[in-house]
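Open the structure in your viewer and keep the selection tool at hand. Each stop below says what to select and what is there.

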Amino acid sequence: MSRVLCALLCVLLPVVAAPARGGDAFEHVSPAEAGYSAERLEALRNLLARSGSESLLLLHDGKVFYEWGDVRRKRLVHSIRKPLLHALIGRELGRGCLQMDRTLQDYGVEEDPPGLTAQERSATLRQLLQSRSGVYHPAAAETEGMQAQRPARGSHAPGTYYYYNNWDFNVAGALYEQCAGRMIHAAFLEDIARPLGMLDYAGRVEAWPQDGDPIPTDADGFRKREPERSRFGAYHFRLSAHDLALFGQLYLDHGQWRGEQLVPADWIDESTQPASILDERYGLAYGQLWDVLVPEDGDARPSFYHTGLGVHMLGVYPKHGLVLVHRVDTERDGVTFDEGNLYRIIRAVHAARMP
């Protein structure tokens with residue numbers, strides 16, 4: 001399920017100098033200490049190289065037990081931007097303005113003429129985060145596939161139907177900025193990246209680029225505006241595998257980092273419960289800004305994840321104490337890696353776990 005995509009910016013926002021490359025924020029252990037077969041993981045290297053992966057990083061209880069490729073190179077995370085927004089929204093909830101059951105009407109959300117209908121304006125923030133708003137308006141950063149699959153306007157009432165909808169996610173980002181009074185990328189730097197000790201995200205963001213503009217190699221993100229489609233732009237992030245793994249570990253640890261609660265634990269638990277069943281056979285579901293695996297009997301917490309373009313992956317598996325980060329260089333032409341390769345890599349990782 002390929003999702004979302006790219007473009008860049010031209011107005012520089014405040015910058016914080018990036019730390020020098022080298023080193024990382026993790027303790028390293030052997031595969032055996034983490035409960036994995038070193039021999040099976042070694043065989044994984046051929047698959048990674050052959051398929052066109054750029055990096056894979058595996059953590060068990062916060063310790064790296066497998067690393068392949070350049071885990072410090074920043075790449076677009078594509079749709080993994082949604083979990084990053086999830087952390088910021090969780091921190092803002094309960095402070096007044098941002099409330100899950102307020103409607104688009106309450107927030108003053110509107111589109112250019114002919115505008116939203118009364119039914120569409122009744123959608124809530126909760127339904128935006130669940131991608132169940134029922135608002136099927138064109139959106140910034142939609143792929144051709146998303147445009148083709150978008151339901152007709154007015155075909156489903158809010159809360160009754162799941163459709164992976166960039167309009168929902170873009171508006172959720174705008175509502176966060178409206179209520180918090182801060183830009184998403186700057187808030188992420190201050191509230192998440194710095195406390196976690198991210199090494200490669202420094203908050204250098206460019207705004208509103210033209211299609212085809214090159215992405216500066218040191219940029220940490222950009223904002224994408226398509227006013228001919230919607231009033232609401234998209235926000236994109238560039239993170240290294242290393243820094244994505246830190247973020248995943250934060251969620252594995254229920255939002256707590258070194259004694260500080262960076263993201264409310266109950267918010268993580270609420271959002272990683274299935275809100276929509278996408279594939280009953282394989283137990284695939286969507287929660288709130290996270291994909292979810294339907295929990296098996298006895299699981300204390302479900303596993304959850306998000307992909308980007310169907311090839312980038314941030315996976316959190318509480319049952320196994322595992323964080324998985326996979327990256328591909330999707331910023332160059334001629335990328336051959338596909339979803340099938342990602343599934344094979346994920347299966348190989350789980351198959352390497354020792355009984």
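The tour goes through a predicted model, from a disulfide to a helix and then to a sheet.

**Stop 1: the disulfide**

Select Cys-97 and Cys-179. A disulfide joins these two residues, with 2.0 Å from S to S. The structure holds one disulfide, so there is no second one to look for. Turn the view to look along the S-S bond: the angle about this bond is -50°, and the link of Cys-97 and Cys-179 is left-handed.

What parts does the pair tie together? Cys-97 lies in the loop between helix H3 (81–92) and helix H4 (104–107), while Cys-179 is in helix H8 (residues 166–180), so the link connects parts that are 82 residues apart in sequence.

Now show the surface. Is Cys-179 buried or exposed? Cys-179 has a relative accessible area of 14%, and buried means under 20%, so Cys-179 is buried. Cys-97 has 26% relative accessibility and therefore counts as partly exposed.

**Stop 2: helix H8**

Stay with Cys-179 and extend the selection to the whole of H8, residues 166–180. Place a distance label between the C-alpha atoms at its two ends: they are 21 Å apart. At 1.5 Å a residue, the 15 residues of H8 should span 21 Å, so the two values agree.

How many residues of H8 are buried? The count is 12 of the 15, so H8 is largely enclosed by the rest of the structure. Among the buried residues are Trp-167, Phe-169, Leu-175 and Tyr-176, and also Asp-168 and Glu-177.

Next, select Asn-165 and Trp-167 at the start of H8. A side-chain oxygen of Asn-165 comes within 3.0 Å of the backbone nitrogen of Trp-167. Then go to the other end of the helix, where Gly-181 follows H8 with a positive phi, near 70°.

**Stop 3: the sheet**

Select the strands in the order S2-S4-S3-S16-S15-S14-S13-S12-S11. Together these nine strands form an open sheet with mixed pairing. Its edge strands are S2 (27–28) and S11 (276–279), each of which pairs on one side only.

Zoom in on S15 (residues 312–317) and S16 (residues 322–327). These strands run antiparallel and are joined by five bridges. Select Tyr-317 to find Leu-322 of S16 standing opposite.

Finally, add helix H10 (residues 241–252), which packs on the sheet and touches S3 (55–60), S14 (304–308), S15 and S16. The direction of H10 makes about 150° with that of S16.

How values were computed:
Residues numbered from 1 in each chain as written. Predicted model: local features only at pLDDT ≥ 70, side-chain atom pairs only at ≥ 80, totals over all residues. Heavy atoms only, no water. Disulfide = S-S within 2.5 Å. Helix = DSSP H or I, 4+ residues; strand = E, 2+ residues; numbered from the N terminus. Buried < 20%, exposed > 50% of the residue type's maximum accessible area, 1.4 Å probe, protein only. Expected span 1.5 Å × (residues − 1). Polar contact = N/O pair within 3.5 Å; in protein donor to acceptor, adjacent residues only side chain to side chain. Pairing = 2+ DSSP bridges. Contact = heavy atoms within 4.5 Å. Axes fitted to C-alpha atoms, helices over the stretch in contact; angles between N-to-C directions.
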